[in-house]
Amino acid sequence: MEEIQSQSDNYRSSSSSASSPASRVPSSNFFYLRKPGSLRQPISFEDSPDWEDTDIDVRVDDGGDSINIATTPASPSLSKPNSRSMPSPPVPEGAVVARKIAGASVVWKDLTVTIKGKRKYSDKVVKSSNGYALPGTMTVIMGPPKSGKSTLLRAISGRLHHSAKMYGEVFVNGSKSEMPYGSYGFVGRETTLIGSLTVREYLYYSALLQLRGFFCQKKNVVEDAIIAMSLSDYANKLIGGHCYMKGLPNGERRRVAIARELVMRPHVLFIDEPLYRLDGVSALLMMVTLKKLASMGCTLIFTICQSSTEVFGLFDRICLLSNGNTLFFGETLACLQHFSNAGFPCPIMQSPSDHFLRAINTDFDRIIAMCKNWQDDNGDFSSVKMDTAVAIRTLEATYKSSADAAAVETMILRLTEKGGPHLKSKGKAGNATRIAVLTWRSLLIMSREWKYYWLRLILYMLLTLCIGTAFSGLGHSLSSVVTRVAAVFVFVSFTALLSIAGVPALMKEIKICASEESNEHSGVLVFLFGQLLSSIPFLFLISISSSLVFYFLIGLRDEFRLLMYFVLNFFMCLLVNEGLVLAMVSLWKDIFWSVLTLVSIQVIMMLSAGYFRIRSTLPRPVWTYPISYLAFHTYAIQGLLENEYLDTSFAVGQVRTISGFQAIRSAYEISSDYDSKWKNLLVLFLMAVAYRILVFVLLYFRMAKNISLHKIFRCNQDTKNTR
């Protein structure tokens, strides 16, 4: 205790500019000032309104099961024109106002989360945390990096990783039960949006994936979400922009991600780092928007690492974590009083969140230790002489013995004494509806993503034109057979290589699928069917355009049935190759390694396809079995050559003729059976199905276990990055 007292005295002396809590709290130079437990409009530094301006009475009825919220109107002084405060904007006449949301109380009691290998000295990421969140309020989980904020948020929302183990209890409306589908929303720190859609289109398709009901009802829900997140000015703008227009800023993107969850009208909304990558103005606008959302009745729980003074003043309750330990839970003003009681008062000119993190972030000790012998013109590098570990122990001990901890336990007991109304699951859209929505959405994306789709079509046409002109004018003599076999091989092999250009687009689609699947908006099987149905028109367009150019430039037999088989064979070849690309993207989860693996596989398949060396003469252990049988090039080239040469003959001299099968036998190995080309087409179809099944298994394993080869083999990865 003497050590703790000495450290506290050192820190108190370093903060000589800080006055006592009694004299500091009413100061006009302080941050947003509000009465504990009250919902306030944000005010400026100079304005210090009375306590009675806006109050919210949150109480648990002794004879009832629900939490009553009574809000009184704000004081007119907050909306005076000459005031430098930030009043609520007036609602224009005839404007659409977002509807109220029925919130729910959330309580977590003795919550402990362990993840093996996550901590250096202990597997406990969160240790015996207690807290609650009430309807119409914002509860923030604050702490330095690796303090367990996101883990606690996921534990409360029931979205922990399968490797994590949770101990303790979570109550929703006083009942110990999991939150059903549609009753809550979760917004991760990294959210994948679709840049080629407008905000309204993106939210509308999201509503179609999530909700049952009529289309007109979903449009109303989308408009409510747009109004709630203040996105009316951006509703018809592309999220990612295009070559002549910039996309939405980061702040608006984060609000779109939150609006996606609001289409379900959830009772509780969990947000991981809503201010991630936002500047000061965007962060303040985001928090004011969330404050407005909370005032509609929604229960908001989110994490934050650091905030400005203005943003901090908007919080209702704060849960302060450090190394998984709860250092405080309660009202924001009470947290300042708690630090003062522990011997660490906040200086007047310092942001409260900066002060909290300075006191409990162990990284500052390392910085001070690095610079302890360095001095500038004004003296020491840092005037703060405090051991963070001692400060953490002091704050934790002070909180456990404080009236704030007792008040939290009392409130938890009152909220869990009687079970409230159970949250009901909201109906999901059917799988057939989701497949149709994903198919139509993917077709719309393809029509707008010129770089990944239309540019690929142009490249296919240019490549086919180059091959066709290089092998044109062959004629139909016996001497042209070997050259025409080479042309078919080059056509199939090079167009297969060119399909690797679609890796970025497929990578983006899989990321969108993973984001939607994590929130139960979609599923792996639904995604695969939707992706397949939407890709068929695009692949067929490539196949028919490229086949026509190649077929007539090379001078293949001018028969319609043969041309249609050529188109169908090339289409199946593209479909198989698309499945192979999807499999590699799902396996690696990284563009570089996916491209490298695909190029290697394509080269190996080209070598074993039977052109450079007849298949029957290839070394049997590896190249014949299994590589030549796994290479789709083999079946595609065989089918095309059988289609061209099986029922033909060539004159040898003036008397003797040989069949096309005999003419091509020395250049490529094909079957003499006329039905062989249809068997090859069937094999290509089965390979396309097999690759899709493989993609399903890989995606299911990846999304369930969150594992990929890139994650396993990635070098210098910090595997202990617990926030």
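Select strand 3, residues 106–115, in this predicted model. Eight of its ten residues are buried, so strand 3 is largely enclosed by the rest of the structure. Now add strand 4, residues 124–133. Strands 3 and 4 are antiparallel and share six bridges. To see how they line up, pick Val-107, which has Tyr-132 of strand 4 opposite it. Then show strand 6, residues 164–172, which is joined to strand 3 by eight bridges and also runs antiparallel to strand 3. Here Ile-115 is the residue to pick, with Ala-164 of strand 6 opposite.

Stay on strand 4 and select Ser-128, which lies within that strand. Its phi is near 45°, a positive value in a residue that is not glycine. Most residues other than glycine have a negative phi. Is Ser-128 buried, exposed or partly exposed? Its relative accessibility is 47%, so Ser-128 counts as partly exposed.

A second serine can be viewed in the same way. Select Ser-230, in the loop between helix 5 (215–228) and helix 6 (250–262). Phi of Ser-230 is near 55°, again positive in a residue other than glycine. With a relative accessibility of 30%, Ser-230 is partly exposed.

Next, go to strand 7, residues 184–187. In a regular strand the side chains alternate between the two faces of the sheet. Which residues of strand 7 point which way? Tyr-184 and Phe-186 point one way, Gly-185 and Val-187 point the other way, and all of them are buried. Add strand 8, residues 268–271, which runs parallel to strand 7 and is joined to it by four bridges. Val-187 has Ile-271 of strand 8 as its bridge partner.

Two charged side chains placed over rings come next. Select Arg-189 and Tyr-276: Arg-189 lies over the face of the tyrosine, 4.8 Å from the ring centre. Then select Lys-428 and Tyr-181, where the charged end of the lysine sits over the ring at 4.9 Å from its centre.

Now turn to the nonpolar interior. The largest nonpolar core has 118 residues, and those with the most contacts inside it are Leu-290, Leu-293, Phe-315 and Leu-320. Select helix 4, residues 199–210, to see the element that gives the most to this core, with eight residues. A second, separate core has 83 residues, among them Leu-463, Phe-538, Met-606 and Leu-684.

Return to Leu-320 and display its surroundings. Which residues does Leu-320 touch, leaving out those up to four places away in sequence? They are Met-142, Asn-325, Thr-326, Leu-327, Phe-328, Cys-335, Phe-339, Phe-356 and Ile-360.

Aromatic rings are the next stop. A pair of aromatic rings is described by the distance of the centres and the angle of the planes. The model has 26 aromatic pairs. Start with Phe-312 and Phe-315: their ring centres are 5.9 Å apart and their planes meet at 75°, so this pair is edge-to-face. Both of these phenylalanines are buried.

Compare Phe-489 and Tyr-611, a stacked pair with 4.5 Å from centre to centre and 15° between the planes. Where do the two rings come from? Phe-489 belongs to helix 16 (residues 480–498), while Tyr-611 is in the loop between helix 20 (591–607) and helix 21 (620–630), so the pair ties together parts that are 122 residues apart in sequence. Phe-489 is buried, at 3% relative accessible area. Tyr-611, at 28% relative accessibility, is partly exposed. For a group of rings, select Phe-491, Phe-550, Tyr-551, Phe-552, Phe-566 and Phe-570, which form one aromatic cluster.

Move on to Tyr-625 and Pro-626, which are joined by a cis peptide bond with omega of about 10°. Pro-626 is found in helix 21.

Finally, select the whole protein. It contains 25 helices and 15 strands. Of its 723 residues, 53% count as buried. Among contacts between residues at least 6 apart in sequence, 75% join residues at least 24 apart. The accessible surface comes to about 33,000 Å², and 59% of this belongs to carbon and sulfur atoms.

Technical notes: Residues numbered from 1 in each chain as written. Predicted model: local features only at pLDDT ≥ 70, side-chain atom pairs only at ≥ 80, totals over all residues. Heavy atoms only, no water. Core = buried A, V, L, I, M, F, W, Y, C linked by side-chain atoms within 4.5 Å. Buried < 20%, exposed > 50% of the residue type's maximum accessible area, 1.4 Å probe, protein only. Helix = DSSP H or I, 4+ residues; strand = E, 2+ residues; numbered from the N terminus. Contact = heavy atoms within 4.5 Å. Pairing = 2+ DSSP bridges. Phe/Tyr/Trp six-rings, centres within 6.5 Å; stacked < 30°, edge-to-face > 60°. Lys NZ or Arg CZ within 6 Å of the ring centre and 35° of its normal. Areas by Shrake-Rupley, 256 points an atom, 1.4 Å probe, with all protein chains shown as cover.
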